[in-house]
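Reader: I am a first-year student and would like a close look at one part of this model, the buried residues and what surrounds them. Could you take me through that part slowly, step by step?

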Amino acid sequence: IREYPNILGYTREIYQIPGVKESVSFTHIKNHYYTSHPTHNLYGVIPIGPRGLKANRKDPKAIENFYLKPHGRGCNKMKKLSGFFIFAAGIAAAIVMLKKRA
């Protein structure tokens, strides 16, 4: 993602929305990605992390800190809209529950 500045900025902006950081576990994501399909990773090797990030077992917060850097996308539109997204997600979940009951 680092090679694509627009995607990196967008990813950082999403991560900085209140409530998102608390629901993300980079360790879980990484372990699942590399171990969920044993036919693709026969020996279950999980890489340390990208060069230049110091994202290794000694500093598990390195990746989190990387995404907490300024996103450089002007005003934070996503924070303004975060309440709307949470509301919309709640409505969507309610609709799904109602459909399952019917």
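Author: In this predicted model, helix α1, which spans residues 5-15, has L8, G9, R12, E13 and Y15 as its buried residues. These residues lie on the same side of α1, because they cover an arc of only 165 degrees around the axis. A general rule helps in reading such a pattern: an α-helix has 3.6 residues a turn, so residues three or four places apart point the same way.

Two of the residues just named, L8 and Y15, return in the largest nonpolar core, which they make up together with I63, F66 and Y67, five residues in all. Helix α1 and helix α4, the latter running over 62-67, each supply at least two residues of this core, and α4 gives the most to it, with three residues.

Helix α4 also holds E64, which counts as buried because its relative accessible area is 17%, below the cut-off of 20%. Leaving aside residues up to four places away in sequence, E64 touches Y15, K21 and F26, and Y15 is also one of the residues of the core described above.

Beyond this helix, in the loop between α4 and α5 (77-101), one finds H71. With a relative accessible area of 14%, H71 is likewise buried, and a polar atom of its side chain lies 3.1 Å from the backbone nitrogen of R73.

Terms used: Residues are numbered from 1 along each chain as its sequence is written. This is a predicted model: local features need pLDDT of at least 70, side-chain atom pairs count only at pLDDT 80 or more; totals for chains, interfaces and linings use all residues. Side-chain values use heavy atoms; hydrogens and water are left out. Buried means under 20% relative accessible area, exposed over 50%, partly exposed in between (1.4 Å probe, protein chains only). Helices (H or I, at least four residues) and strands (E, at least two) are DSSP runs, numbered from the N terminus. The arc is that of the directions from the helix axis to the C-beta atoms. A nonpolar core is a set of buried Ala, Val, Leu, Ile, Met, Phe, Trp, Tyr and Cys residues joined through side-chain atoms within 4.5 Å. Contact means heavy atoms within 4.5 Å. A polar contact is a pair of N or O atoms within 3.5 Å; within protein, one must be able to donate a hydrogen and the other to accept it, and residues adjacent in sequence count only if both atoms are side-chain atoms.
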